[in-house]
Amino acid sequence: MPATPATTRATVVPCLRYRDAPGAIEWLCHTFGFAKHLVVPGEFGSIAHAQLSFGNGMIMLASSQTGGEFDCLFVQPEQIEGAQTQSVYVVVADADAVWRSVQAANATIVSAIRDQDYGGRGFSCRDLEGHIWSFGTYDPA
């Protein structure tokens, strides 16, 4: 296995696809607190590539149909009855503050905020297109 890069903000970067990627970017920034790091517009109002930062972490996303080789490898949660093959966990300083923002955005709650047996406080919800996100104060590192 190759050595971990010597200088990087994050060594694992989740990648997601959205039908309405421009709307998702705005929602993720407003509701979850992400910041736009790089947004590359595509054709017809799509997003070819975007990077959103959160602390020293980052996600990448794009429109679900970019005309690229990976389009056929992704399905949206609604296409598989809301099922997921992965989810994103975000370490936060104040899970209750994010919880309030998520509630104000009327996000679908998967798991209500609570103190965890293994330490930390957190919750899980779906974003505007059904992807599952978990936020908590537990830091596995």
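How many helices and strands make up the secondary structure of the chain? In this predicted model, the chain comprises 2 helices and 8 strands. Read from the N terminus, these elements follow the order β-α-β-β-β-β-α-β-β-β. The radius of gyration of the chain is 16 Å, close to the 14 Å given by the globule rule for 141 residues, and the chain is therefore as compact as a globular protein of that length. The C-alpha trace extends over about 45 × 40 × 25 Å along its principal axes.

An open sheet is formed by 4 strands, arranged in the order S1-S4-S3-S2 with mixed pairing. The edges are occupied by strand S1 (15-18) and strand S2 (35-41); each has a single partner strand, so one side of each lacks a neighbour in the sheet. On average, neighbouring strands of this sheet are turned by 20° against each other, direction ignored. Strands S2 and S3 (residues 47-54) run antiparallel and are joined by 6 bridges. Within this arrangement, valine 40 lies opposite histidine 49 of S3. Helix H1 (residues 21-32) packs on the sheet and touches S1, S2, S3 and strand S4 (57-63). The direction of helix H1 makes about 5° with that of S3.

With respect to burial, 38% of the 141 residues of the chain count as buried. The exposed area of the chain amounts to about 8400 Å², of which carbon and sulfur atoms supply 54%. Of the contacts in the chain between residues at least 6 apart in sequence, 53% join residues at least 24 apart.

Conventions
Residues numbered from 1 in each chain as written. Predicted model: local features only at pLDDT ≥ 70, side-chain atom pairs only at ≥ 80, totals over all residues. Heavy atoms only, no water. Pairing = 2+ DSSP bridges. Axes fitted to C-alpha atoms, helices over the stretch in contact; angles between N-to-C directions. Contact = heavy atoms within 4.5 Å. Rg over C-alpha atoms; globule rule 2.2 N^0.38 Å. Buried < 20%, exposed > 50% of the residue type's maximum accessible area, 1.4 Å probe, protein only. Areas by Shrake-Rupley, 256 points an atom, 1.4 Å probe, with all protein chains shown as cover.
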